[in-house]
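Thanks for sharing this one. Below are my notes, set out as numbered points so that you can go through them with the model open beside you.

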Amino acid sequence: MSDKIKIAICDDAKYICDGFREEFSDFDNFEVIGCAYSAGECVEMMEHTEPDVLLLDIRMETEYAGINIIPKVKEIHPNIKIIMLTSYTDDDYIFAAFANGADDYCEKTMSLDEIADIIVASYNNNGTLRPQIAQKMVKKTLEVQRNQASLLFLYNKLSQLTTGEFELLRELYYGSSYKKISEEKFIEIESVRRMASRILKRVDVKNMKELIAQLRELKFFEFIE
């Protein structure tokens with residue numbers, strides 16, 4: 001077994017990859033064996049190299065490009081340690097990365113020594129759930145639990161709607177207006193308003209804008225369809 005930790009880097013900013021390659025050359029225990037600049041290139045690189053650690057940009061050509069290839073990388077190299085590189089502190093991205101199999105993450109603003117310590121700890125299976133990660137995971141878990149409870153509550157309320165009311169709510173959710181619905185359904189706009197009013201009474205919400213906002217936050221129709 002080599003004494004050096006073999007590192008691969010994937011970031012759509014070439015200067016990031018080149019910078020790490022150059023800086024890690026000063027570490028006696030690191031060897032950068034490959035760089036990729038997109039998710040597709042990263043998967044291809046994995047098929048032709050055997051790194052111990054992959055530093056993977058959390059967002060690249062698409063919003064979840066880095067996160068989405070984690071399972072594929074793990075399929076190719078089950079024992080690889082994947083450390084997400086991020087400029088973002090958005091808990092959703094970090095939570096999604098861990099859910100997909102990432103082993104750790106580091107912010108690009110960290111010092112090189114801090115990043116090196118994370119690499120070594122992950123490689124040696126000595127990584128611990130750092131307080132920052134623990135806090136993010138707890139926060140996200142509580143958020144998911146709250147959303148599930150809210151979703152169930154709303155679902156129970158909305159299950160009382162008639163088929164017509166439910167379809168009206170669906171069209172409003174996806175951006176239709178009362179006027180457009182009245183024209184498409186060949187009914188008076190006041191009839192549409194009365195139906196909307198009945199919906200609000202059934203779910204005990206003050207106005208339709210508030211109800212639609214709640215549904216969109218929970219991705220209600222995406223969830224059930």
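1. A word on terms before we start: helices here are DSSP runs of H or I with at least four residues, numbered from the N terminus. With that in hand, D113 can be placed in helix α6. Please keep in mind that this is a predicted model.

2. Let me begin with the chain as a whole. Its secondary structure comes to twelve helices and five strands. Of its 225 residues, 41% count as buried. The accessible surface is about 12800 Å², and carbon and sulfur atoms account for 50% of that area. If you take the contacts between residues at least 6 apart in sequence, 65% of them join residues at least 24 apart.

3. Next, the sheet. Its five strands form an open sheet in the order β2-β1-β3-β4-β5, and the pairing is parallel. β2 (30-36) and β5 (104-107) each have a single partner strand and stand at the edges, so one side of each has no neighbour in the sheet. From one strand to the next, the twist averages 25°.

4. Both edge pairings can be followed bridge by bridge. On one side, β1 and β2 run parallel and are joined by six bridges; I9 has C35 of β2 as its bridge partner. On the other side, β4 (residues 81-86) pairs with β5 in the parallel sense over four bridges, and here T86 is matched with E107 of β5.

5. Is β2 mostly covered or mostly open, given its place at the edge? It is mostly covered: five of the seven residues in β2 are buried. A helix also packs on this part of the model, since α2 (residues 39-48) touches β1 (5-10), β2 and β3 (53-57). The direction of α2 makes about 130° with that of β2.

6. Helix α6 (residues 112-123) deserves a look too. It lies across β1, β2, β3, β4 and β5, and runs at about 175° to β5. Within α6, D113 is exposed, with a relative accessible area of 52%; the cut-off for that label is over 50%. D113 and F27 are 86 residues apart in sequence, while their C-alpha atoms are 10.0 Å apart in space.

7. For a buried position in the sheet, I would pick V53, which sits in strand β3. Its relative accessibility is 0%, so V53 counts as buried. Which residues does V53 touch, leaving aside its neighbours within four places in sequence? The contacts are I5, K6, I7, A8, I80, K81, I83, I119 and Y123. V53 and V120 are 67 residues apart along the chain, with 9.2 Å between their C-alpha atoms.

8. Now to helix α10 (residues 189-203). Its 15 residues reach 21 Å from the first C-alpha to the last, close to the 21 Å expected at 1.5 Å a residue. Which residues of α10 are buried? They are V192, A196, I199, L200 and V203. Seen down the axis of α10, these buried residues fall within an arc of 95°, so they line one face of the helix. The general background is that an α-helix has 3.6 residues a turn, so residues three or four places apart point the same way.

9. Two backbone angles are worth checking by eye. F186, in the loop between α9 (178-185) and α10, has a phi near 60°, a positive value in a residue other than glycine. D204 comes just after α10 and takes a positive phi of about 60°; it belongs to the loop between α10 and α11 (208-217). Are these two residues buried or exposed? F186 is exposed, with a relative accessible area of 75%, and D204 is exposed as well, at 65%.

10. One last loop residue is S176, found between α8 (163-173) and α9. S176 is buried, with a relative accessible area of 18%; the label applies under 20%. Not counting residues up to four places away in sequence, S176 touches E171 and I181.

Key:
Residues numbered from 1 in each chain as written. Predicted model: local features only at pLDDT ≥ 70, side-chain atom pairs only at ≥ 80, totals over all residues. Heavy atoms only, no water. Expected span 1.5 Å × (residues − 1). Buried < 20%, exposed > 50% of the residue type's maximum accessible area, 1.4 Å probe, protein only. Arc of directions from axis to C-beta. Pairing = 2+ DSSP bridges. Axes fitted to C-alpha atoms, helices over the stretch in contact; angles between N-to-C directions. Contact = heavy atoms within 4.5 Å. Areas by Shrake-Rupley, 256 points an atom, 1.4 Å probe, with all protein chains shown as cover.
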